[in-house]
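Reader: I am new to this structure and would like a close look at a single part, the place where aromatic rings gather. Could you take me through that part slowly, and then set it beside the other features that can be described?

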Amino acid sequence: MASLSSLFDPELLRRYDTPGPRYTSYPTAPQFSPGFQEADLREMAAITNGDPIPRPLSLYLHIPFCTSPCFYCGCNRIITRDTARGAAYLTRLYREVAMMSALFDRDRDVEQVHFGGGTPNFLSPAQIAEVMDVLRRQFSFAPASRLDCSIELDPRFITPDEVGELATAGFNRASLGVQDFDPEVQRAVNRIQSVEQTLAIIEACRTHGLQSVNVDLIYGLPKQSLEGFSRTLDTTLEARPDRLAIYSYAHLPSMFRPQQRINADDLPSPEVKLGLLQCAIDKLGEAGYVYIGMDHFALPGDSLALAQQRGDLHRNFMGYTTHAESDLLGLGVSAISHIGPSFSQNPRDLGSWEQAIDQGHLPVWRGMRLEEDDVIRADVIQRLMCDGALDYRDLGRRHVIDFTTYFADALARLRPLEDDGLVELTADGLRATSHGRLLLRIIAMCFDRYLPTAAASTPRFSRTV
Ligand code: SF4
């Protein structure tokens, strides 16, 4: 595997810094339509129950509440300090869980549970444990050795002892939001979080036996400097998280209202922003991390790195995962399900989600049934985002197509990228070069049939770097 520093080519990153999808799904969410409704979701569940080998399930639970607004936030969240709202939310979430679980055969094991948000630990550990109990009663869970239970944690609002309660409830993975430890940056984004409280939570995850800890950092935030971000990276790497996500901040204040509170003059210049990314890549390389793809890094022994080596890494709305064959059931406001060849999304506003559940309906807002062409392109983009490479014969066999004929247009669109050194094309396949691996979505965009229309509509996509 190439060293991490070989990923970085400032000239190419500058040239290809264009808006593009993150491909947590293909087709991407702007293609979902209100024509897909509850009856469609029920039908897709029934179809997938008929698979000869029972397909496992992944559960995503969206907890939308946060105590305090971070100004860089682009998530679907509700700011409140009223903890009673958590209890009211759970009452309806349990009804949704019951309606959803009734659709799936009990021989379909749950192999993955993920709590995201918002801030899942807006709920108390007792409430989170109660949710896990409800899930265990309503679904068949795989044995602990095959079960990944992960939760996004805000270290500002959880104690080390409470991490122990989550471990007892069955969680074996955690992802911690950090972003930057520099006090000036923290003030500019309204997220004051000390090094001590963050390290105490990482330590507690280890003490209580969690198998994997992820830390999220962001580059491109207001007031960020090379010196400050370099210190953040050193502090983070000393704690040696199993995984690190280094996201690029996308300043889109017209799309995300909280970002209007960021002073655009405080944002780092494009040059400094590239420098921040280079600093991160260099330091992660020195510390022995490997590049998984799309902002994600892991220690070589982590399950994501091992899955990538085996060629069975997968990407979905939760990011990179090892659970390739499962159907994803999204529960809670704005959550997205991926069941068989379909996507469906719950309403993004709490009122509509509540109303549907109160009326006894699965809260489907919009979605889509994938056509055969969508399924083929989704597989191609999935392999690109996970392996950074395509094997034409393998894909051709899987989908009964002649790859180079079927994708003649896409291969023509790739030629300029080949000339620029992002990708190597051969008769049998293609491979992102080391420089191209940071620009995987630019390569994937060549295979996206919807892109011309999606790019012209709102919401728009964030930039590549
Ligand atoms: S960044 Fe996370 S914690 Fe901050 S407001 Fe957004 S969802 Fe909440």
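Author: What follows begins with the aromatic rings and then turns to the pocket, the cavity and the ligand shell. Please keep in mind throughout that this is a predicted model.

The count of aromatic pairs comes to 13. One of them joins Tyr 392 and Phe 403, whose rings are stacked, with 4.4 Å from centre to centre and 10° between the planes. Tyr 392 belongs to helix H13, which covers residues 392-399, and Phe 403 belongs to helix H14, which covers residues 403-406, so this pair ties together parts that are eleven residues apart in sequence. Tyr 392 has a relative accessible area of 7% and is therefore buried, since buried means under 20%. Phe 403 is buried as well, with a relative accessible area of 3%.

Phe 403 also takes part in a pair with Phe 447, and here the arrangement is tilted, with 6.4 Å between the centres and 50° between the planes. This second pair links distant parts of the chain, because Phe 403 sits in helix H14 while Phe 447 sits in the loop between helix H16 (440-445) and helix H17 (451-456), 44 residues apart. Phe 447 has a relative accessibility of 0% and so counts as buried. Taken together, Tyr 392, Phe 403, Tyr 406, Phe 407 and Phe 447 form one aromatic cluster.

A ring can also have a charge as its partner, as in the case of Tyr 320, where the charged end of Arg 315 sits over the ring, 4.8 Å from its centre.

Helix H13, which holds Tyr 392, appears again in the second largest pocket, where H13 supplies at least two residues of the lining, as do strand S12 (314-316), strand S14 (327-331), helix H12 (372-387) and strand S18 (389-391). The volume of this pocket is about 970 Å³, and of the 40 residues that line it, the closest to its centre are His 314, Ala 324, His 338, Asp 379 and Gln 382. Helix H12 gives the most to this lining, with eight residues. By class, the lining of the second largest pocket divides into 16 nonpolar, 13 polar and eleven charged residues.

Enclosed space is a separate matter, and the structure holds three cavities of 30 Å³ or more. The second largest cavity contains about 60 Å³ of space, and its lining includes Leu 41, Glu 96, Met 100, Gly 330, Ser 344, Gln 345 and Val 364. Helix H3 (84-101) and strand S16 (342-345) each supply at least two residues of that lining, which as a whole has six nonpolar residues, five polar ones and one charged one.

The surroundings of the ligand are made up of Cys 66, Ser 68, Cys 70, Tyr 72, Cys 73, Cys 75, Arg 77, Gly 118, Thr 119 and Arg 191. Sorted by class, this shell has five nonpolar, three polar and two charged residues.

One last residue can be placed beside the buried rings. Ala 412 lies in helix H15, residues 408-419, and at 48% relative accessibility Ala 412 counts as partly exposed. The C-alpha atoms of Ala 412 and Glu 354 are separated by 48 Å, and these two residues are 58 residues apart along the chain.

Definitions and conventions
Residues numbered from 1 in each chain as written. Predicted model: local features only at pLDDT ≥ 70, side-chain atom pairs only at ≥ 80, totals over all residues. Heavy atoms only, no water. Near = heavy atom within 4 Å. Nonpolar A, V, L, I, M, F, W, Y, C, P; charged D, E, K, R; others polar. 1 Å grid on protein atoms, 1.4 Å probe; cavity = no way out; pocket = protein on both sides within 12 Å on 5 of 7 lines; lining within 4 Å. Points joined across faces, edges and corners; volume = space filled by probe spheres on them. Helix = DSSP H or I, 4+ residues; strand = E, 2+ residues; numbered from the N terminus. Phe/Tyr/Trp six-rings, centres within 6.5 Å; stacked < 30°, edge-to-face > 60°. Buried < 20%, exposed > 50% of the residue type's maximum accessible area, 1.4 Å probe, protein only. Lys NZ or Arg CZ within 6 Å of the ring centre and 35° of its normal.
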